[in-house]
Amino acid sequence: MHADTATIVGLVTPVNLRFVVPVYQRPYTWDIKQCAQLWDDVLSVGRAAQEARMRSAYGSREVPTYHFTGSIVWIQDGAVSPAGVESRLLIDGQQRITTLMLVFVALVRYAQRHPEKSKALVWSAQEILDDGYLTNKHRAGEDHYKLTLSKGDRAVFQALVDELEQAGAPDGTSAPAPAVPSHLLDNLAFFESELERVSDPNVVWLGLQHLQVASIALTEGQDNPQLVFESMNSTGKDLSVADLVRNFILMSAPVESQASLYRTFWRPIEEALGADTGSALFDGFLHDWLTAIRAPQQFDVADIYGAFKRYVRTGGYDTHSGVVALINQLRRFVRYYAHITTGQPVPGRDPAAEVDEALAGLRALGEPRVYPMLLSFYDAYDQQDIDRDTFVRVLRVTESYVLRRLVCDCPGDDFALYLSGIIGRLDGVRAVGGDYATAYESYLLNAEGTALRFPTDDEFARAISLRDAADWDDESPIGRALAAGEDACRRWAYPAVDERTRAIYRASR
């Protein structure tokens, strides 16, 4: 590892150099709030530098003014293109570099839009385009662009640069700007608006030259980029758990295989949940998946990432082959989770109306604490440890259990812990090929007399009769139970397990 201070301009402008955002990094996420903070910093240091230059012109000795704007961590991946362009993988700082590139784009557009101000401006559009701020002028393809982003951001940014270059071409033609929603376009519009408002745009150019960063260069094969990534305390938006997990998995693989792993294995995971990382649904999945596979072990909800890393290391998933096995496991469970939470059927599995209906009934209850249990059920079904009838049966029992508890106002402080314990016990039943559904029903019924009980027909019917008129909302779970009236006990049935059978599973704790 080698660390040094550098100006951001000095870091990005050397010829035959480009920065690449690895495929495992999250998309560009900065919004106007972060951009406004950076803009204020640029103006502040620019004005200070301008004043220092004015005093220097009158004989004062002035110390150059710089503003520190965080760290840029990068790694040389060993790749040098046939044209001699070196690629540097951005481990940390991609949001900041991308945003500064947008400011350069805004400056080019400003100069092209205001040719009458060319003599007053200390920069020109051609200077930015020719001198390595946005492009390697004499290189083609990916080598042409100083910054290569990931996912859909790549095409948007490259189209912006292409538009600038074509606008400055001899024929004056201009490439069409990308017409897709994007943080890149929103933030570019913000910078262009601010440039029009600033009294002296030269302050912006001067400020950019005086932004300083800590440039941290990692050595491939010697430094652990994941550990460095986790320890950075950069400004901007915090990483989601999904961001950290994705980076941990893909950084564990050799650099040359990361793009293939992402494209073939990880991207389908994101697409299954409709999540381009940072998604609350994705973070929820990670919590529920870990709860299901580690049951009955517990972990704090704030320690999802830590629990994930412990699972990886104790499970032997921290090798290249282990990474592939881990991603395949995640893909399998993500398909279950998408069906459970959104109704999206599992690809390659024959549709089953009774399964869809049972899952829809559970979704309507709005009780996410049962999702780890449902994942465990689904895995047993998908791996053919239980049949479809058993799967539907345990889903229906779960719906009845949760709804009855809602109607009866049963306290649920230990509900998630209780269900985690049942998952662990059912894993044992599954391993020996036992009666899965009967075991599950027995475990639930054996909590009688406690806050975690399965309300009986008498308790359920009495609670329905005593409910206030305000609860008669047929859009809510309780409202549907009230609307069912005397039929509710049949529709959400109490399991028929005799005492002798229940005693067997009570003794098996």
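Here are some short exercises on a predicted model of a protein chain, each with a worked solution.

**Exercise 1. Get your bearings**

Task: work out what the chain is built from, what share of its residues is buried, and how much of its surface belongs to carbon and sulfur atoms.

Solution: Start with the secondary structure, which comes to 22 helices and six strands. Next, turn to burial: of the 509 residues in the protein chain, 53% are buried. Then take the outside, where the accessible surface is about 22,800 Å² and carbon and sulfur atoms hold 51% of it. Finally, look at the contacts with a separation of 6 or more: 72% of them are between residues 24 or more positions apart.

**Exercise 2. Follow one threonine**

Task: place threonine 148 in the fold and decide whether it's buried or exposed.

Solution: First, find its element, strand S5, which covers residues 147–148. Now check the cover: threonine 148 has a relative accessible area of 2%, and the cut-off for buried is under 20%, so this residue counts as buried. Who's around it? Leaving out residues up to four places away in sequence, threonine 148 touches Arg18, Phe19, Val20, Val21, Glu142 and Arg154. One of these deserves a second look, as the side chains of arginine 18 and threonine 148 are joined by a polar contact of 2.7 Å.

**Exercise 3. A covered helix and a covered strand**

Task: explain why helix H7 is described as largely enclosed, then see how strand S6 is covered and paired.

Solution: Take H7 first, at residues 202–209. Seven of its eight residues are buried, so the rest of the structure largely encloses this helix. The buried ones are Asn202, Val203, Val204, Trp205, Leu206, Gly207 and Leu208. Move on to S6, residues 211–218, and you'll find it mostly covered, with seven of its eight residues buried. As for pairing, S6 runs antiparallel to strand S1 (residues 2–7), and six bridges join the two. To pick out a facing pair, go to alanine 3, which stands opposite isoleucine 216 in S6.

**Exercise 4. An arginine in a loop**

Task: locate arginine 349, classify its exposure and list what it touches.

Solution: Arginine 349 sits in the loop that links helix H13 (320–342) to helix H14 (353–365). Its relative accessible area is 27%, so call it partly exposed. Beyond residues up to four places away in sequence, arginine 349 touches Tyr378, Tyr381 and Asp382. Now compare sequence with space for the aspartate: arginine 349 and aspartate 382 are 33 residues apart along the chain, with their C-alpha atoms 8.9 Å apart.

Note on methods: Residues are numbered from 1 along each chain as its sequence is written. This is a predicted model: local features need pLDDT of at least 70, side-chain atom pairs count only at pLDDT 80 or more; totals for chains, interfaces and linings use all residues. Side-chain values use heavy atoms; hydrogens and water are left out. Helices (H or I, at least four residues) and strands (E, at least two) are DSSP runs, numbered from the N terminus. Buried means under 20% relative accessible area, exposed over 50%, partly exposed in between (1.4 Å probe, protein chains only). Contact means heavy atoms within 4.5 Å. Accessible areas come from the Shrake-Rupley method with a 1.4 Å probe; for residues, only the protein chains shown count as cover. A polar contact is a pair of N or O atoms within 3.5 Å; within protein, one must be able to donate a hydrogen and the other to accept it, and residues adjacent in sequence count only if both atoms are side-chain atoms. Two strands pair if DSSP finds at least two bridges between them.
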